[in-house]
Amino acid sequence: MSDHPEVGGWTDSGKSHDKRGLKHRACKAVRAVPVPPVYVHIVRAHIAPFDVAPDGRLFQAVRGARLTSNENSEV
């Protein structure tokens, strides 16, 4: 669902994220992903006290930035 996939610095801008659509799909395409009910419950339990980031992300870094793959893998 991210339109800013992390690419480890291999971007034209040199940043870790590029704004682009899903690979091999139309620019505005979305991809439905089935989620087991137990995970839906966990996500809703997280959103209740913490909400989501202004851009809709579920998790964010301490200062509101995007999580890097390094931060994400530490969980």
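Does Arg57 count as buried or exposed, and at what relative accessibility? In this predicted model, Arg57 counts as buried, because its relative accessibility is 17% and the cut-off for a buried residue is under 20% relative accessible area. Residues of this kind make up 7% of the 75 residues in the protein, and the surroundings of Arg57 are described below, after an outline of the whole chain.

The protein contains 2 helices and 0 strands. Its exposed surface comes to about 6,700 Å², of which carbon and sulfur atoms supply 59%. When the contacts between residues with a separation of 6 or more are considered, 17% of them are accounted for by residues 24 or more positions apart.

Helix 1 covers residues 37-50, and Tyr39 is found within it. At 1.5 Å a residue, the 14 residues of helix 1 should span 20 Å, and this agrees with the end C-alpha atoms, which are 20 Å apart. The number of buried residues among these 14 is 0, and helix 1 therefore lies largely in the open. Tyr39 itself counts as partly exposed, because its relative accessibility is 49%, a value that falls between the 20% limit for buried residues and the 50% limit for exposed ones. Together with Val33, Val35, Val38 and Ile42, Tyr39 makes a nonpolar surface patch of about 490 Å².

The residue that follows helix 1 is Asp51, whose phi is positive, near 60 degrees. Most residues other than glycine have a negative phi. Asp51 has its positive phi although it is not a glycine. In the chain, Asp51 is found in the loop between helix 1 and helix 2, and with a relative accessibility of 48% it counts as partly exposed.

The loop between helix 1 and helix 2, the latter formed by residues 69-73, is also the place of Arg57. The structure holds 1 salt bridge, in which the side chains of Asp55 and Arg57 meet at 2.9 Å, taken from N to O. The side chains of Arg57 and Asp55 are likewise joined by a polar contact of 2.9 Å. The two partners of the salt bridge can be set side by side in terms of their accessibility: Asp55 is partly exposed, with a relative accessible area of 49%, whereas Arg57 is buried, with a relative accessible area of 17%. When residues up to four places away in sequence are not counted, Arg57 touches Val52, Gly64, Ala65, Arg66 and Leu67.

A further residue in the loop between helix 1 and helix 2 is Gln60, which is partly exposed because its relative accessible area is 36%, a figure that lies between the limits of 20% and 50%. With residues up to four places away in sequence again left out, Gln60 touches Ala53, Ala65 and Leu67. Ala65 and Leu67 therefore appear among the residues touched by Arg57 and also among those touched by Gln60, where a contact means heavy atoms within 4.5 Å.

Methods
Residues are numbered from 1 along each chain as its sequence is written. This is a predicted model: local features need pLDDT of at least 70, side-chain atom pairs count only at pLDDT 80 or more; totals for chains, interfaces and linings use all residues. Side-chain values use heavy atoms; hydrogens and water are left out. Patches are made of residues with over 30% relative accessible area and no salt bridge: like charges are joined within 9 Å, nonpolar side chains (Val, Leu, Ile, Met, Phe, Trp, Tyr) within 5 Å. Accessible areas come from the Shrake-Rupley method with a 1.4 Å probe; for residues, only the protein chains shown count as cover. A salt bridge is a side-chain nitrogen of Lys or Arg within 4 Å of a carboxyl oxygen of Asp or Glu. Helices (H or I, at least four residues) and strands (E, at least two) are DSSP runs, numbered from the N terminus. Buried means under 20% relative accessible area, exposed over 50%, partly exposed in between (1.4 Å probe, protein chains only). The expected span of a helix is 1.5 Å times one less than its number of residues. A polar contact is a pair of N or O atoms within 3.5 Å; within protein, one must be able to donate a hydrogen and the other to accept it, and residues adjacent in sequence count only if both atoms are side-chain atoms.
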